[in-house]
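User: I have a structure open and would like to go through it step by step. Could you start with one pair of strands and build up from there?

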Amino acid sequence: MDKVFRFLATLGFICAAGSAHAAVLTESFDSPNFADWQSRWFGQNSNAKPIFFNPNDRGNNVTGLTIYDGNIDDGNAVKIFFNAAFAATITNFSFDMLNYASGLAQQLEVFDKDGNTLFGTVLPVVPQDPSADNGSNNGFDFADSKYTRYSVDSTNGIGGFRILPFGSEGNVSIDDLSATIAAVPEPSTWAMMILGFAGVGFLAYRRRNQAAAA
């Protein structure tokens, strides 16, 4: 009987190690129906909003998402935050960003779930390029090569990011988002873990009784 319970305990721990795995969520805003991003993970777990009245309007931005937090009364600074439960699960947040606010030094900050700054940098400016004007982007070059890639790790979740001090709404694009979510055991794994812990507990109980009887 002892061997059976030892086997169950070992199996529970093995299942926990093997079945718990991290998930990686991505968003590239490439859907032909641009508004679709609002129904996916980034739109559902953050305060990000479409900047135009028509949610399917990309505006001049032909690749990513022009950042807007829905607040027009904050001097056009941006603060995008994830809801608390989702923020607590993020171990890495990676994204491409393009600042086309000519002459404005924009400070990007990524913060953890408690609001503590994890990363900060000044966004480089990609100025208008008349030669890039294809009739739809008004001279702004939104090519992938113009974006800068950022990646931030955290053991305290990722609360979101902000761009300060002003002028970033309508002038900064984000693209190719990636959020790594902490490993969470699957339901079947929890069952095996519970069975394993029960086996360990029963063994300890039997040994105590045998010692007392001796």
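Analyst: Certainly. Strands β5 and β8 run antiparallel and are joined by 5 bridges. Across this pairing, phenylalanine 111 stands opposite glycine 160 in β8. Please keep in mind that this is a predicted model.

User: Which residue lies over the face of phenylalanine 111?

Analyst: That is lysine 79, at 5.4 Å from the ring centre.

User: And what about β6, how many bridges join it to β5?

Analyst: There are 6 bridges between β5 and β6 (residues 117-123), and the two strands run antiparallel. Within this pairing, valine 110 has phenylalanine 119 of β6 opposite it. The two strands form a hairpin, with 5 residues between them. In the turn, glycine 115 has a positive phi of about 90°.

User: How many of the residues of β5 are buried?

Analyst: The strand is mostly covered, as 5 of its 6 residues are buried.

User: Let's move to β4. Why is it described as largely enclosed?

Analyst: Strand β4 covers residues 90-99, and 9 of these 10 residues are buried, so the rest of the structure largely encloses it. Its partner is strand β7 (residues 148-153), which runs antiparallel to β4 and is joined to it by 6 bridges. One position to look at is asparagine 92, which stands opposite aspartate 153 in β7.

User: OK, zooming out. How many helices and strands does the chain have?

Analyst: The chain has 4 helices and 9 strands. In sequence order, the pattern reads α-β-α-β-β-α-β-β-β-β-β-β-α. Of the contacts with a separation of 6 or more, 78% are between residues 24 or more positions apart.

User: What share of the chain is buried?

Analyst: Buried residues account for 40% of the 214 residues. The accessible surface of the chain is about 11000 Å², and carbon and sulfur atoms make up 58% of that surface.

User: Now the inside. Which residues touch the most other members of the largest nonpolar core?

Analyst: Those are Phe42 and Met97, in a core of 30 residues. Several elements give two or more residues to this core, including α2 (41-45), β3 (78-81), α3 (84-87), β4 and β5. The largest share, 5 residues, comes from β9. As general background, nonpolar side chains tend to be buried together in soluble globular proteins.

User: Which residues does phenylalanine 42 touch?

Analyst: Leaving aside residues up to four places away in sequence, phenylalanine 42 touches Phe29, Trp37, Ala48, Leu65, Ile80, Phe82 and Leu177. Apart from the largest core lies another one, of 6 residues, among them Tyr100, Val126, Phe140 and Phe142.

User: There seem to be many rings here. How many aromatic pairs does the structure hold?

Analyst: It holds 14 aromatic pairs. In one of them, tryptophan 41 and phenylalanine 42 meet edge-to-face, with 5.9 Å centre to centre and 70° between the planes. Phenylalanine 82 and phenylalanine 86 form another edge-to-face pair, at 5.5 Å centre to centre and with 65° between the planes.

User: Are tryptophan 41 and phenylalanine 42 buried or exposed?

Analyst: Both tryptophan 41 and phenylalanine 42 are buried. Phenylalanine 82 and phenylalanine 86 are both buried as well.

User: Which residues do the ring pairs link into a cluster?

Analyst: The cluster consists of Phe29, Trp37, Trp41, Phe42, Phe82, Phe86, Phe93, Phe95, Phe119, Tyr150 and Phe161. Phe119 also appeared in the strand pairing, where it stands opposite valine 110.

Conventions: Residues numbered from 1 in each chain as written. Predicted model: local features only at pLDDT ≥ 70, side-chain atom pairs only at ≥ 80, totals over all residues. Heavy atoms only, no water. Phe/Tyr/Trp six-rings, centres within 6.5 Å; stacked < 30°, edge-to-face > 60°. Buried < 20%, exposed > 50% of the residue type's maximum accessible area, 1.4 Å probe, protein only. Lys NZ or Arg CZ within 6 Å of the ring centre and 35° of its normal. Pairing = 2+ DSSP bridges. Core = buried A, V, L, I, M, F, W, Y, C linked by side-chain atoms within 4.5 Å. Contact = heavy atoms within 4.5 Å. Areas by Shrake-Rupley, 256 points an atom, 1.4 Å probe, with all protein chains shown as cover.
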